[in-house]
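Colleague: I am new to this structure and should be grateful for a close look at a single part of it. Please choose one salt bridge, describe its setting, and then place it within the chain.

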Amino acid sequence: TNSCVDVNECLNDNGGCDHKCVNTAGSYFCRCRHGYRLSGGYRCVDVDECLMIDCGGGVCENRPGTYRCECFEGFHYERGSCKLDRAPFGAITDNAVEQGADISAVLPRQQSSECRNALVSQPGPLDSPRYP
């Protein structure tokens, strides 16, 4: 009786694959590590993640097999992109107003007279209703 024996092509020079050789019955194929893609069946080339990633408040730097977001001043890296740093509590910034500050000069002028002195406040123990 004739029997077939599989030849593991991966044992000879990794099957010619750059990264990983996967043996199959009667054949084989190549796979690449994360951050690379297969080119020409054997060769692994770097994926430029910066073509697909938006770092937000920063600049994307492609690296072999990965990328890095270099965040601008005032931003920090969090879950794949650069996020705006939070201002310390009570700090006045371009986009935030100190708690309890008169923001009437910051808000656009209202045509109606209903809202003249808006205050930013948060409810707290002193704001609870008091009953005599």
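Modeller: The side chains of Glu78 and Arg79 meet in a salt bridge, with 3.3 Å from N to O. The model is a predicted one, and the distance is computed from its atoms. The two partners differ in how far they are covered. Glu78 has a relative accessible area of 30% and is therefore partly exposed, since that class lies between the limits of 20% and 50%. Arg79 reaches 76% relative accessibility and so counts as exposed, the cut-off for that class being over 50%.

The backbone around this pair deserves equal attention. Strand 7 covers residues 75–78, and strand 8 covers residues 81–84. These two strands form a hairpin with 2 residues between them. Arg79 lies in the turn of that hairpin, where its phi is positive, at about 50°. Arg79 thus appears in two roles: as a residue of the turn and as the partner of Glu78 in the salt bridge. Beyond the turn, strand 7 and strand 8 pair in the antiparallel sense, over 4 bridges. One pairing can be named: His76 has Lys83, in strand 8, as its bridge partner. As a general point, side chains in a regular strand alternate between the two faces of the sheet.

How many salt bridges does a search of the whole structure find? The search finds 3. One of them joins Glu70 and Arg68, whose closest N and O atoms are 2.5 Å apart. Glu70 is classed as partly exposed because its relative accessibility is 34%; Arg68, at 40%, is also placed in the partly exposed class. Another links Arg63 with Glu61, and here the closest N and O atoms are 3.2 Å apart. Arg63 counts as partly exposed, with a relative accessibility of 32%. For Glu61 the value is 32%, so Glu61 counts as partly exposed.

The chain as a whole gives the wider setting. The chain contains 0 helices and 8 strands, and its pattern along the sequence reads β-β-β-β-β-β-β-β. Of its 132 residues, 16% are buried. The accessible surface of the chain amounts to about 10900 Å², and carbon and sulfur atoms account for 51% of this area. Among contacts between residues at least 6 apart in sequence, 13% join residues at least 24 apart.

Key:
Residues numbered from 1 in each chain as written. Predicted model: local features only at pLDDT ≥ 70, side-chain atom pairs only at ≥ 80, totals over all residues. Heavy atoms only, no water. Pairing = 2+ DSSP bridges. Salt bridge = Lys/Arg side-chain N within 4 Å of Asp/Glu carboxyl O. Buried < 20%, exposed > 50% of the residue type's maximum accessible area, 1.4 Å probe, protein only. Contact = heavy atoms within 4.5 Å. Areas by Shrake-Rupley, 256 points an atom, 1.4 Å probe, with all protein chains shown as cover.
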